[in-house]
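This report describes pockets and helix packing in one protein model. Please look at the structure before reading on.

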Amino acid sequence: MTPEKTTITYDDRSVRHFMSASIFWGVIGMLVGLLAATQLSWWQMNGKFLEAISFGLFKAEGLSYITFGRIRPLHTNAVIFAFVGNMMFAGVYYSTQRLCKARMASDFLSRLHFWGWQSIILGAALTLPAGLTRGKEYAELIWPLNIAVVLMWVVFGVNFFWTLIKRNERSLYVSLWFYIATIVTIAMLYIVNHLSLPTSLVHSYPIFGGVQDGLVQWWYGHNAVAFFLTTPILGIMYYFVPKAAERPVYSYRLSIIHFWALVFIYIWAGPHHLLNTALPKWMQYLGMLFSLMLWAPSWAGMLNGLLTLRGAWDKLRTDPVLKFFAAAVTFYGMATFEGPLLSIRAVNALSHYTDWTVGHVHSGALGWNGFMAAGMFYWLAPRLWKGKLWSTSLANMHFWLGLVGILLYTAAMWVAGITQGLMLSQTNPDGATLKYEFVETLQTIHVPYMLRSFGGGLYLLGFILCAINIFMTARRGIAEPMQVEVMILKNKDRMTLREAFINDPVCHAIAALCFMILWFFLPTHADKAALLVTLLLVYRSVKLFKKNSTQWSDFFNRLIDNYLPFTVLIFLAAAIGGAVQIIPSLLVNKASQVEERVQTLYTPLELAGRDLYISEGCYNCHSQMIRTLVPDVMRYGPLPDQGYSRLGESIYDHPYQWGSKRTGPDLAREGGILAAEAKQMRIGKRDNLWHFNHFMDPRQTSPGSNMPPYPWLFDAKTDFKSLPQKIAAQRTLGVPWPALSRDEIEQSARDQGMEIASSLVKAGAFLPDQAKLSDDQLRNHLAESQVIALISYMQKVGTYDVVESDGKRPVKWLDPDSHRTQFRAAPDKNTQN
């Protein structure tokens, strides 16, 4: 019987749209990043500079939306989801059609996906500078936008898998494996980490809190890098690099090892972002172990990419596409070497919370993602618009500008990070005190910060040249659809799920994995038995493979002919690691399970202040976690009974605020006193006037600080009306707020605000633009201002109850006439004395 033929017209319009959007948003995202970088070098760039050059037309007080704390999330989201996201969709849409020999299944879904994704990006660009955020890195978008992201991801997934069903090519090529892993795993990660309880249309609290929220966040955050910025780009590498080099992939077997090892191992490595913290030690070591294991598959992919260029190295002198691809794969290798290195606890003690991590992230984002994007754009443009690239010379200049920019940026961050880490750890000759104040380290690394801005500026300039080049190529070309004649494929995808799971390779892998997990959790001696069984199963698997390697290879060849069993196995390989990490944390993150200390509940006003702290993006510069390191304890936990942070001290924080970067000092002990002393007005390390002046002009209290002023906080009013709904939501999430009426909550917040305002007026607080106000008028003005709520939160951070020796938490109901002390944990019949 003669095979049926059909003519396919590829949907390249969607590819052109996504590519154009990627370039546009890439320039915007990098421009915002450059602004953020200059703000760290010159605090005036937070608004004062714009006020000066506009001759007062724009007032700094009205430019709250361009402060570092607000635009840093805009920068990261724009680069990740707008720039790389659109680039990824362009590469996936183009290559999937060619690899499946089929047009994308639905033009409507493709258009919906494109316009829906751009609408989400526009929504992020409007909400993040307005201070509407969830306060979690790479997961800041408010809940309506998160729902939209999930819906658009489902649209993308349906269109992709529908195309696989309609394909006219029996086997799934390597690139499609990586695309499948991306779609399935990102859906799982995004949904779990963004589970929230809304309190309004623009605000919500994550359902996870404390250490559990930290673990889930970095399970997502680390693997967003893995499955959004790495696996789809690797799929693009496996398609476009061989096309550009006109050479086959160096090793198909190596790609198999690369893929499965990466998918399985990556998902376990998230805890390495929380080393030396209150996270249980076994989770820290688990994250470190799997991070070190990532070296092997990551470098397997790098070598496979570079060796694919064998025989084409002479083209690098003249072909900008190959230049970008070769440099991108090299940066991938460098970043995936540095990542496991930074996951070693001893190295992490130096690097974490410093700019070394920033340099590491940008070497991957700019070098790997940015250069892969540029190479792909330059390769696609002549084919999408049926002509030649407008200027090869301009593309070559883009390459050299970008390369020099990345190297300057990364080197500056290495120097800044290592310098700051060493300075913060250095003691005086007596060994009893630290040598440097935090602000001194900022002044020392000012020059590397300026070099970082210069390097970022060069990279941005190169990308602007790319935008011009692609625009001119499109303008001179013709956007004609590509048609090909293909054989219609029938009788595909015949493997059942039973066949996929009931076989030697899968059964042995699942059994070995189960016993490996038991090794983590079983008590002494039993864990050794589980480890022994694991090793025996691995040994048996190797013997069976050697005995009948053909059967095992035939199974995999059949598997990649069947997309559904293949997808299910990918999901299981990725999901198991998350379950092993997250499920135990559900048990640990409870007040009845923690040792030594349990966080003191906030008052309503302090909760409002905490929400403002998150809204202003303070978590981008300040941590709230004193690590189990001597320099950290000496600097931030100097009292003998305080020391490093304990797990229970942040147990009611939704979201957690341990942070990942210290541009300013840690705040975990800012409150400074035990909750039992709360009968009197709370005064932490510093009095209310210090905080008042600090928010008005940080250099007044901390000379040399690069923190921006926050003048709008002194006039903006605290939203007391929203507090009852927020407290009700937190009670639903398990925070033991006492039962209080709406009026009691609002009145408590107003009373505490008036108390703090009175103390400030008495201490001589002064507002330059309100000089004519009497003391009573100033007190009334301040009492409802946002700065008072924020000060109340600063005076509360780090306070806790000491757990009694019998493991029970004391329930102290202090003076009922005090608005402050009635907000104790509601009595628990199982723990009340």
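The second largest pocket is lined by 38 residues, and those nearest its centre are H622, G664, P665, H694 and S702. The model is predicted: local features need pLDDT of at least 70 and side-chain atom pairs pLDDT 80 or more, while totals for chains, interfaces and linings use all residues. Numbering starts from 1 along each chain as its sequence is written, and side-chain values use heavy atoms, leaving out hydrogens and water.

A pocket is an open set of points on a 1 Å grid, where a 1.4 Å probe fits, with protein on both sides within 12 Å along at least five of seven lines; lining residues have an atom within 4 Å of a point. Helices are DSSP runs (H or I, at least four residues), numbered from the N terminus.

Helix α25 (688-696) gives the most to the lining of the second largest pocket, with 4 residues. Because domain 1 (345-486) and domain 3 (597-802) both give residues to this lining, the second largest pocket lies between them; the domain bounds come from an automatic or database assignment.

The table sets out the two pockets, with volume as the space filled by probe spheres set on the points.

| Pocket | Volume | Nonpolar lining | Polar lining | Charged lining |
|---|---|---|---|---|
| Largest | About 1800 Å³ | 28 residues | 6 residues | 1 residue |
| Second largest | About 890 Å³ | 19 residues | 12 residues | 7 residues |

Ala, Val, Leu, Ile, Met, Phe, Trp, Tyr, Cys and Pro count as nonpolar, Asp, Glu, Lys and Arg as charged, and the others, Gly among them, as polar. In the largest pocket, the largest share of the lining, 9 residues, comes from α19.

Technical notes: Helices (H or I, at least four residues) and strands (E, at least two) are DSSP runs, numbered from the N terminus.
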